[in-house]
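Open the model in your viewer and keep the selection box at hand. The stops below go from the whole chain down to single residues.

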Amino acid sequence: MPPVEQIGIVVRDVDQAVEFFTSTIGWGPFKIREGEQKGFTYDGRTGDCRLKMAFARSGSVEIELIQVLEGETPHSDFLRLHGEGMQHLRFRVNDFDGMIAALGKAGVDPLWHQKIPGIAAFAYMKNDKTSGLMVELFERKESKEGRAGTRTPAGQSSTTLPPVHQIGLVVRDLEKAAAFYHSTFGIGPFSIVPKMRFDGIILRGQPTDSKVKLGFADSGPLQIELIQPLEGENIYTEFLRSGNEGLHHLGFEVDNFEGMLAKFERQGIEPLFWKNFGSMAFAYLDTGKIGGVIVELLWHQRS
Ligand SMILES: [Fe+2]
């Protein structure tokens with residue numbers, strides 16, 4: 001499949017999320033759109049919904065915020081089960097039916113889907129066999145010029161992060177997820193770090209020792225990171241224990257790690273899990289209260 005085109009984030013309130021992401025991450029300006037979607041199929045039944053959505057770019061990917069105003073969709077179910085957060089990755093395909101058939105052979109069937117003949121087709125694919133990752137296939141036959149939408153003002157961005165560099169997923173079985181994503185979605189092959197020691201990492205203010213397995217693959221300019229906790233407590237065990245698996249965080253490479261941490265702290269956003277090793281540093285930030293997205297700051301010393 002081609003590179004990830006869009007990151008879909010389910011939110012309770014699009015306006016509130018737009019304001020938060022603009023001021024904390026520097027995303028935007030967002031285009032906001034509200035509309036009905038009629039005659040889709042969700043889990044085998046035909047349905048209608050009203051959605052409010054907002055779109056902004058972050059480098060190579062589009063950020064999509066989705067609020068369900070009426071109706072039952074995978075987004076309303078996601079919100080009920082997991083709360084706000086990253087829900088799907090979208091891939092643009094040229095042979096929609098062929099791709100649906102290929103994924104069907106791997107046991108990945110459409111969950112929420114619709115075809116508008118001659119115009120477009122989309123399908124959110126079931127994620128029970130994909131280590132939690134929900135993939136959207138999207139095909140557009142013709143571009144609709146002048147789509148309805150209003151442009152939000154640029155807003156007051158007090159922190160501006162560079163474009164998204166990494167999409168991080170936490171999975172229960174990394175080898176299985178990596179092999180499946182490669183064979184089914186064409187992501188990878190992943191290079192795997194079988195055991196990485198995370199010693200003395202600060203978890204909510206307390207140093208912790210843990211071990212993790214890591215996997216990395218590129219999707220265009222984006223890096224896909226898989227993480228499987230092996231031993232000890234960390235932010236990933238918390239995620240799995242609360243019943244989640246799949247999309248976990250967005251990573252941003254920054255030049256000035258301590259300066260960026262301080263900027264977030266001034267906005268009342270603390271690091272959840274972090275360490276500065278001297279030649280590299282990472283910090284997962286407590287950015288999930290609105291919109292449910294954990295931001296990771298990444299820094300490497302440049303020689
Ligand atoms: Fe990461």
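**The domain contact**

This is a predicted model. Begin where its two domains touch: 26 residues of domain 1 are in contact with 25 residues of domain 2. On the domain 1 side, select β1 (6–10), α1 (14–24) and β5 (85–92); each supplies at least two residues of the side that touches domain 2. Helix α1 has the largest share, 5 residues. Colour that side of domain 1 by class and you get 14 nonpolar, 11 polar and 1 charged residues.

Now colour the chain by domain. Domain 1 covers 6–151 and domain 2 covers 166–300. Their C-alpha centres lie 24 Å apart.

**The nonpolar core**

Next, show Ile 9, Leu 65, Met 125 and Leu 297. These have the most contacts inside the largest nonpolar core, which has 78 residues. Add helix α4 (residues 174–185), which gives the most to this core, with 6 residues. Where does the core lie with respect to domain 1 and domain 2? Both domains give residues to the core, so it lies between them.

Zoom in on Leu 65. Leaving out residues up to four places away in sequence, Leu 65 touches Ile 9, Val 11, Val 14, Ala 17, Val 18, Met 53 and Ala 54.

**The barrel**

Move to the strands that close into a barrel. There are 8, in the order β10-β13-β12-β11-β15-β16-β17-β14, and the pairing is mixed. From one strand to the next, the twist averages 35°. Put α4 back on screen: this helix packs on the sheet, touching β11, β12 and β13 (222–231). The direction of α4 makes about 155° with that of β13.

Then select helix α6 (residues 257–266). Helix α6 lies across β15, β16 (280–285) and β17 (294–300). Relative to β17, α6 runs at about 155°.

**Strand β11 and its partners**

Pick out β11 (residues 191–203) and β12 (residues 206–219). They pair in the antiparallel sense over 9 bridges. One bridge to check is that of Ile 201, whose partner in β12 is Thr 208.

The two strands form a hairpin, with 2 residues between them. Click on Arg 204 in the turn. Its phi is near 45°, a positive value in a residue other than glycine. Is Arg 204 buried, partly exposed or exposed? Arg 204 counts as partly exposed because it has 13 C-beta neighbours inside 10 Å.

Now follow β11 to β15 (residues 271–276). This pair is also antiparallel, over 2 bridges. Ile 202 has Trp 274 in β15 as its bridge partner, and Leu 203 stands opposite Phe 273.

**Two cis prolines**

Step back to the loop between α4 and β11, where Pro 189 lies. A cis peptide bond joins Gly 188 and Pro 189, with omega about 10°. For another cis bond, go to the loop between α1 and β2 (31–42), the place of Pro 29. The peptide bond from Gly 28 to Pro 29 is cis, with omega near 5°.

**Asp 43 and helix α3**

From there, find Asp 43 in the loop between β2 and β3 (45–58). Asp 43 is not a glycine, yet has a positive phi of about 55°. It is exposed, with 12 other C-beta atoms within 10 Å.

Select helix α3 (residues 96–105) next. Of its 10 residues, the number buried is 1, so the helix lies largely in the open. Just after α3, Gly 107 takes a positive phi of about 85°.

**Last stop: Phe 239 and Asn 244**

Finish at Phe 239 in helix α5. Phe 239 counts as partly exposed, with 19 C-beta neighbours inside 10 Å. Which residues does Phe 239 contact, leaving aside neighbours within four places in sequence? They are Val 170, Asn 244 and His 248. Draw a distance to Val 170: the two residues are 69 apart in sequence, and 7.7 Å apart in space, C-alpha to C-alpha.

Asn 244 sits in the loop between α5 (235–241) and β14 (246–253). With 17 C-beta neighbours inside 10 Å, Asn 244 also counts as partly exposed. Besides Phe 239, Asn 244 touches His 82, not counting residues up to four places away in sequence. Add Met 86 to the view: its C-alpha and that of Asn 244 are separated by 11 Å, though the residues are 158 apart along the chain.

Technical notes:
Residues numbered from 1 in each chain as written. Predicted model: local features only at pLDDT ≥ 70, side-chain atom pairs only at ≥ 80, totals over all residues. Pairing = 2+ DSSP bridges. Helix = DSSP H or I, 4+ residues; strand = E, 2+ residues; numbered from the N terminus. Buried ≥ 20, exposed ≤ 12 C-beta atoms within 10 Å, placed from the backbone. Domains from an automatic or database assignment. Contact = placed C-beta atoms within 7 Å. Nonpolar A, V, L, I, M, F, W, Y, C, P; charged D, E, K, R; others polar. Core = buried A, V, L, I, M, F, W, Y, C linked by C-beta atoms within 7 Å. Axes fitted to C-alpha atoms, helices over the stretch in contact; angles between N-to-C directions.
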